[in-house]
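Biologist: I would like a close look at a single part of this chain, taken slowly enough for a first-year student to follow. Could you choose one helix and describe what surrounds it, and then go on to the sheet and the cysteines?

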Amino acid sequence: GQEQLVVASGSGAEWWQEGRPHLSAAPTADAMGSSVLRSWHRIRVAADEDLCGPLFFVAVDTNTQVVAVGGGAGRAASIFSPVGTLLATLRGHTGWVRSLAFHDRLLFTVGCNFVKVWRAAKCPVEGPHHAESWNDVQHLGDLEARGDILALAICAGTGGAVLVAAGLSANLHCWQLPTMSLRPQDWIAQAQNSLTCRPSFHSGRVASLASDGRWLFSCGHDGVVQRHDMSTKPSASESHYSRHVGNG
């Protein structure tokens, strides 16, 4: 099928779809060496008047295709359905919402050094869930780290899923995610008590995180991209996956 892209824009999100490739006078060579021009078309726009710029992050739930966008002045995050319907506005952050992450039936949003944990209130603990389940969102509580957080990612640790946060400090903050069968207050308490820190091996702040499950990639203001194996203990020999000149 045609590729789609979701971007944060204005006071919400835009959906873009790749058009059919065609011959171009100023071509880009594809895998077969042919000269083609690939165009993209905006197919959908969604907005939330409470989501004030600047916008920092957009996340997509791969299970439901629900989209979440985090903003600045409004200190809020918005959840949109795959067709652009506003499902929920998440407020109460202590600062700009700089990063978000979906995992299973949860959404994590961060402002300053607090990670808010949200769950679709009508979402079953087991079995399939749908975009409409995010119409009613329950705030389970907050996880706290030391120092402002700029980035979030979900990794596979030795004991299951791990939420990783990074930012102004030199550490990666790691929370082991408990089973969703716990009561909200017990879930938050167990997750907070599991907090551990491991060095980021960056010489300054960490601006971005990405994960493919086992491997965590961190981009720092020192101009280095680090690769971390989250299934093992941290080591100073962790690879410099890439290096570039300038700020991260």
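Modeller: What covers the buried residues of helix H1 includes strand S11 (106-111), strand S12 (114-120), strand S13 (137-144) and strand S16 (171-176). This is a predicted model, and in it H1 runs over residues 184-193, with Trp187, Ile188 and Ala191 buried. These three cover an arc of only 95° around the axis, which puts them on the same side of H1. The general reason is that an α-helix has 3.6 residues a turn, so residues three or four places apart point the same way.

One of the covering strands, S16, also belongs to an open sheet of four strands, which follow the order S14-S15-S16-S17 with antiparallel pairing. Strand S14 (149-157) and strand S17 (196-199) stand at the edges, and because each has a single partner strand, one side of each is left without a neighbour in the sheet. From one strand to the next, the twist averages 30°. Between S14 and strand S15 (residues 160-167), the antiparallel pairing extends over eight bridges, and leucine 152 has alanine 165 in S15 as its bridge partner.

As for the cysteines, a disulfide is a covalent bond between the sulfur atoms of two cysteines. With a cut-off of 2.5 Å between the sulfur atoms, the count here comes to zero disulfides. Cysteine 174 is in no disulfide, since the nearest cysteine sulfur, that of cysteine 197, is 7.3 Å away. Cysteine 174 is buried, with a relative accessible area of 5%, whereas cysteine 52, at 34% relative accessibility, counts as partly exposed.

How values were computed. Residues numbered from 1 in each chain as written. Predicted model: local features only at pLDDT ≥ 70, side-chain atom pairs only at ≥ 80, totals over all residues. Heavy atoms only, no water. Buried < 20%, exposed > 50% of the residue type's maximum accessible area, 1.4 Å probe, protein only. Pairing = 2+ DSSP bridges. Helix = DSSP H or I, 4+ residues; strand = E, 2+ residues; numbered from the N terminus. Axes fitted to C-alpha atoms, helices over the stretch in contact; angles between N-to-C directions. Arc of directions from axis to C-beta. Contact = heavy atoms within 4.5 Å.
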